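Below are some remarks for a colleague who has the model open at the bench. They follow the strands first and then turn to the interior.

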Amino acid sequence: MPHAPTALDALLDLLDLERIERDIFRGESRSALVPRVFGGQVAAQALVAAGRTVPEDRPAHSLHAYFLRPGDPGAPIVYTVDRIRDGRSFTTRRVVAVQHGQPIFHLSASFQTYEEGLDHQADMPTAPDPESLPTPAEMLPRHLPREVADRLIEARAAVDLRYAEVPPWGSVGAPREPRSQVWFRTNGKLADDPLLHVVLATYVSDMTLLDSVLLAHGRGGWAVGDVVGASLDHAMWFHRPFRADEWLLYDQESPTASGGRGLGQARIYTQDGRLAISVIQEGVVRVPRS
């Protein structure tokens, strides 16, 4: 007997693009916490489009993206892929996402055949056991109005995302060290397709990376409305294989904020200590005018 669709099923459907030409794909959108398409959705869909034009034996090793315009959650997004290069070891793709005749997002992604090489990594930082931390349903209502907490829980229902410490909206008015840690995994098992796990990590990576900017200034963020923000650019490097349906530690910090922008940088580790991903993002972080 088939199981009832879950939030993860809905997310996987959202990321399963329709091919409308050889290198042209169409994706649906859905509402986010703010009146625009969630940036992680556009980045993940663009990576799906790029990956579907690359041989399966060449996993993604990096992406660099710019958010150009707010996406309209009520309209589909068309992704056009340019096959920039197909080399002996590396494959490069460029993707432009278009809505209403205008580009809203640009992605460059690189893929590489597996090869042996030099190997070292930064040690995994100390972090609490994810199973010891409160679930989103347990933690969010403690710090947010019930309506806001429910919306955030619903928006992130496909992912089990657990904060190691109190999130920005739980410590408004109390600046602290610009560092934060979350554990995350999908709420359900995924197929073994390596591209799928990279895509899901890309989706989640846009959820909390700028939290550390907010912590430095005692701001609660978009959930409480004491800043106005949006992602500007986003870069990821995929170092080692991982599964997005197993616990991953997202260790984040902000080295600087200035000029109405804040920078977040992070490392993502597997639970057994392997450095899987490096991430850097800059976003608009403005204090609303009274």
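1. F90 of β5 has Q112 as its bridge partner in β6, in what is a predicted model. Strands β5 and β6 (residues 102–112) pair in the antiparallel sense, with 10 bridges between them. In the hairpin that connects these strands through two residues, H100 adopts a positive phi near 50°.

2. Strand β5 also pairs with β4 (residues 77–86), again running antiparallel, here over eight bridges. R85 finds its bridge partner in T92 of β5, and the hairpin from β4 to β5 passes through three residues.

3. The side chains of β5 (residues 90–99) alternate between two faces: T91, R93, V95, A97 and Q99 point to one and are buried, whereas F90, T92, R94, V96 and V98 point to the other and are not buried.

4. The largest nonpolar core contains 64 residues, and Y79, F105 and I277 have the most contacts inside it; helix α5 gives the most to this core, namely nine residues. Another core, of six residues, lies apart from it and includes L133, W183, L249 and L275. Beyond its neighbours within four places in sequence, F105 is in contact with several residues, among them V42, A46, Y66, F67, V95 and A97.

5. Four aromatic pairs are found in the whole structure. One of them, F38 with Y203, is edge-to-face, at 5.2 Å centre to centre and 85° between the planes. Because F38 lies in the loop between β2 and α2 while Y203 belongs to helix α5 (residues 194–208), this pair ties together parts 165 residues apart in sequence. Y203 is buried, with a relative accessible area of 4%.

Key. Residues are numbered from 1 along each chain as its sequence is written. This is a predicted model: local features need pLDDT of at least 70, side-chain atom pairs count only at pLDDT 80 or more; totals for chains, interfaces and linings use all residues. Side-chain values use heavy atoms; hydrogens and water are left out. Rings of Phe, Tyr and Trp (its six-membered ring) pair if their centres lie within 6.5 Å; planes under 30 degrees apart count as stacked, over 60 as edge-to-face and the rest as tilted. Helices (H or I, at least four residues) and strands (E, at least two) are DSSP runs, numbered from the N terminus. Buried means under 20% relative accessible area, exposed over 50%, partly exposed in between (1.4 Å probe, protein chains only). A nonpolar core is a set of buried Ala, Val, Leu, Ile, Met, Phe, Trp, Tyr and Cys residues joined through side-chain atoms within 4.5 Å. Contact means heavy atoms within 4.5 Å. Two strands pair if DSSP finds at least two bridges between them.
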